[in-house]
Amino acid sequence: MSVSSDAPDVPAPGEETTDTPEDGPAPGGTETQDRTPGRRQRPTGFGPLLARLHFYAGVLVAPFLLVAAVTGLLYTFTPQLDSFVYDKELTVAHPAGAPRSLAEQVDAARAGHPKGTLVAVRPGSGASTTQVDFALPELGERAHTVYVDPYSGEVTGQLTTWYGSTPLKTWLDDLHRNLHLGTTGRYYSEIAASWLWVLVLGGLVLWWRRLRRDRTARRLLLPDLGAGKGVRRTRGWHAATGVWLAIGLLALSATGLTWSRFAGAHFGEALDALRSGTPGVSTALPGASADGQGGHHHGGSASPHAGRGVDPSAIDGVLDAARRDGLSGPVAIGVPRDGTTAWTVSQTRDLWPVGRDSVAVDAAGDKVVDRVDFADWPVLARLTRWGINAHMGTLFGLFNQILLAVLAVGLTCMTVLGYRMWWQRRPTRADRRALLGTPPARGAWRGIPYGALAAGVLAVAALGWALPLFGLPLAVFLAADLVVGAVRRRRQVTPPTDGTASTG
């Protein structure tokens, strides 16, 4: 985020005044300047137009970015926080001996939590406990998870979870996504993701234009340490930080948009149209009877707490079938709703290389009836999965977490430096009417060729449809800017004092 402009800097008290306009006339005279004495020159063309958009977008959108950066930083280290807060539930104190059967562990979980419908089991291994999920109507999307020591069969704790996430992780996730404001709060995060890439790319273009006469790596990548105090030093640090973080910030923007409310819905529709959505295994069992029994439970009487016609004791055979079919590593076992559907076993490895293979198993004969491998997912679906994991800090483990923390701290610093530039550019003379930092002059669009302007309008309209929370704020900004400009032009017309009509 930057609030720099292409206009000459207004010096703060004690600052040198040797700075020059950021762009100046473009080659070929495409930019015009008003040289009338006593009037502010009006640069025109793409650079000043981008500077004006960058300035106002930075000032208005920066609070959303700042909140997203701070809440994202808090979420980044949830694995370590979970290990500390929920050590008793997640970790086996003394792993030793052979694990007990899953059926025994499920029975122990049921004994500790008699209510609810068994919906999923995540077997523990090593020092990790087994997690058994029970659905309750009053919990909605959440589940009651019972944690079981796989070696002793003892229950180590119970938590209300959201798709396997602990209460702390769920709370921090909601804070980052919607500030605990529900659907309304999701607008903030989508605005941040929709505008972050605009500000990053716009800032890179403005910084390149400023340094086009000295395109050295050092000038582009490092701040000018010899600059005096004031806006030039602040701008150097702001811009250099943005250059170093640009790729990561663009990736955060893109991945954040994939599960946003409006842009994410458009993204999902596009994936479906391209047949690139996330595939899933078919759980339909041929030959199942209409009453749901179908002979597909594993023998014995079905538990009244499981799905109708489903025997939880079949879970060991289901897992063995999945292991024989090649599913290794951590998995989640989905319990069918009734005897007409298959069990599912899916890998849950988010660390690179990602494991997301899944199978459907007919418990009647412990036979795999369908399989979908992650390697066979459409390219866009795999890219989406990798992007989500990277955004959540799980793709590359601790390195991924540290990288996200650096991006969050860097974005916070850039936002603060941007506002500092705005303050440093405030008028310092009594005859200046602006209260705070002076924005770039309006009217720059008049210097853009009509063909390029028309193409730009169409491109922005398309982006506004795809990213509604980019398009709507932009439309509001443009409308407000036009109204303010019209009001100021009317105020600049001096009324006649001799009673004659004004000639404008």
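Here is a short chat about the sheet and the salt bridges in this predicted model.

Visitor: Let's start with the sheet. In what order do the eight strands sit?
Guide: The sheet is an open one, and the pairing is antiparallel. Strand 4 (155-161) and strand 8 are the edge strands, each pairing on one side only. Read across, the order is 4-3-2-1-5-6-7-8.

Visitor: How much are neighbouring strands of this sheet turned against each other on average?
Guide: Direction is ignored for this one. On that basis, the average turn between neighbours is 20°.

Visitor: Zooming in on strand 4, which residue is the bridge partner of A143?
Guide: Strand 3 and strand 4 run antiparallel, and six bridges join them. Within strand 4, A143 has as its bridge partner T161.

Visitor: Helix 10 packs on the sheet; what angle does its direction make with that of strand 5?
Guide: Helix 10 touches strand 1 (117-122), strand 5, strand 6 (343-347), strand 7 (358-362) and strand 8. Against the direction of strand 5, that of helix 10 makes an angle of about 130°.

Visitor: On to charges: how many salt bridges does the count come to?
Guide: To count, a side-chain nitrogen of Lys or Arg has to be within 4 Å of a carboxyl oxygen of Asp or Glu. R371 and D325 pass, with N to O at 2.8 Å. By this rule the total is eight.

Visitor: How many residues apart are R371 and D325 in sequence?
Guide: R371 belongs to strand 8 (residues 367-372), while D325 is in the loop between helix 10 (315-324) and strand 5 (331-334), so their salt bridge ties together separate parts of the chain. R371 is partly exposed at 28%, and D325 is also partly exposed, at 32%. The separation in sequence is 46 residues.

Visitor: In the salt bridge between R142 and D174, which residue counts as buried?
Guide: The closest N and O atoms of this pair are 3.5 Å apart. R142 sits in the loop between strand 2 (130-135) and strand 3 (143-148), and D174 is in helix 5 (residues 167-178), 32 residues apart. Buried means under 20% relative accessible area. R142 is partly exposed at 33%, so with its 15% the buried one is D174.

Visitor: And which residues do salt bridges with shared partners join into one network?
Guide: D174 also meets R177 in a salt bridge, at 3.0 Å from N to O. Those two both lie in helix 5, three residues apart, about one turn of the helix. Through shared partners, the network takes in R142, D173, D174 and R177.

Methods. Residues are numbered from 1 along each chain as its sequence is written. This is a predicted model: local features need pLDDT of at least 70, side-chain atom pairs count only at pLDDT 80 or more; totals for chains, interfaces and linings use all residues. Side-chain values use heavy atoms; hydrogens and water are left out. Helices (H or I, at least four residues) and strands (E, at least two) are DSSP runs, numbered from the N terminus. Buried means under 20% relative accessible area, exposed over 50%, partly exposed in between (1.4 Å probe, protein chains only). Two strands pair if DSSP finds at least two bridges between them. Axes are lines fitted to C-alpha atoms, for helices over the stretch in contact, and angles run from 0 to 180 degrees between N-to-C directions. Contact means heavy atoms within 4.5 Å.
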